[in-house]
Amino acid sequence: METKAPVLLNAVPPYGHVIASERWRNSSLIQSLKGGGVKTLFENELGVVDFHLPNKSCILYVSECDIVAGNGHKRKLVRYRNASSSFQKLVLVENTRLSEQYFSAVQKFVVFDLGLTLLPVSGLTEASQLITQIVHRDSRDNPFRRTSSSRLLDPAVLALVQQVPGVGRVKALALLQHFSSIQQLCNAAPAELESIVGQAAAQQIHSFFHRPTAAGT
């Protein structure tokens, strides 16, 4: 049963819960979270943020409608980046048949211009699965939380790096233990990457992060 959350802009939900903006109350995503065993607390005063997760990360969701409607989503992303919060800021972006022509420009803006972590999703169902995975991983005795690099080894960040072609879980962990931020990983030269993951994977990683820049706006 969903209950009301206290009015705290930096509130951290209990393990097994998310705090969601009130605007999501009747959405299919919330129903999917409930089906996955995640309890939802609703909050009226999260500002531009859509969700708070128990691992002290927050999520802004950018839908295909937001992307194709114009530049409104960019203003929202800037407000999100500038918000005063100690949380790790994640951006979930719908990459669909309708929005795919704009996706490279959005990715460039989010990752390179704003320095935020972007996680592409196909829609609300995949988004709910990702949030559920993060919540349940963080609810258990979590190996990510036992290291001094717990922020870098957050499951959502690990999931982002694993989306690079040729990079599996082991290589993703090795990369995140070597680079102190996603931004450093994005800017790493192929030679730096090669010493960690080998030549072929290094080229794939470098191409993955630099392709949006080549595509331009």
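The largest cavity in this predicted model has a volume of about 80 Å³, where a cavity is a set of points, on a 1 Å grid over the protein atoms alone, at which a 1.4 Å probe fits but cannot get out, and where the volume is the space filled by probe spheres set on those points, joined across faces, edges and corners. Eleven residues line this cavity, and the closest to its centre are Gln107, Val111, Leu160, Phe208 and Phe209; a lining residue has an atom within 4 Å of a point. By class the lining comprises nine nonpolar, two polar and no charged residues, with Ala, Val, Leu, Ile, Met, Phe, Trp, Tyr, Cys and Pro taken as nonpolar, Asp, Glu, Lys and Arg as charged, and the others, Gly among them, as polar. At least two lining residues come from each of α4, β7 (117-121) and α10 (199-215). The count of cavities of 30 Å³ or more is one.

Because the model is predicted, local features need pLDDT of at least 70 and side-chain atom pairs count only at pLDDT 80 or more, whereas totals for chains, interfaces and linings use all residues. Residues are numbered from 1 along each chain as its sequence is written, and side-chain values use heavy atoms, with hydrogens and water left out.

**Overall architecture**

The protein has ten helices and seven strands, which are DSSP runs numbered from the N terminus (H or I over at least four residues for helices, E over at least two for strands). Of its 217 residues, 47% count as buried, that is, under 20% relative accessible area, with exposed meaning over 50% and partly exposed lying in between (1.4 Å probe, protein chains only). The accessible surface comes to about 10500 Å², and 51% of this belongs to carbon and sulfur atoms, as computed by the Shrake-Rupley method with a 1.4 Å probe. Among contacts (heavy atoms within 4.5 Å) between residues at least 6 apart in sequence, 64% join residues at least 24 apart.

**Helix α4**

Helix α4 covers residues 100-113, and its 14 residues reach 19 Å from the first C-alpha to the last, close to the 20 Å expected when 1.5 Å is multiplied by one less than the number of residues. Its buried residues are Phe103, Val106, Gln107, Lys108, Phe109, Val110 and Val111. Gln107 and Val111 are also among the residues closest to the centre of the largest cavity. The helix is followed by glycine 115, whose phi is positive, near 70 degrees.

**Three individual residues**

The table pairs each residue with a partner by C-alpha separation.

| Residue | Partner | Separation in sequence | C-alpha distance |
|---|---|---|---|
| Lysine 56 | Lysine 89 | 33 residues | 9.0 Å |
| Threonine 117 | Valine 91 | 26 residues | 6.1 Å |
| Leucine 158 | Alanine 172 | 14 residues | 6.4 Å |

Lysine 56 is found in the loop between β4 (51-53) and β5 (57-62), and has a positive phi of about 60 degrees although it is not a glycine. Lysine 56 counts as partly exposed because its relative accessibility is 41%, and, leaving aside residues up to four places away in sequence, it touches Val12, Ser86, Phe87 and Gln88.

Threonine 117 lies in strand β7 and counts as buried, since its relative accessibility is 7%. With residues up to four places away again not counted, Threonine 117 touches Gln88, Lys89, Leu90, Val91, Leu160 and Ile182. Leucine 158, in helix α6 (residues 155-162), is buried with a relative accessible area of 0%.

How values were computed
1 Å grid on protein atoms, 1.4 Å probe; cavity = no way out; pocket = protein on both sides within 12 Å on 5 of 7 lines; lining within 4 Å.
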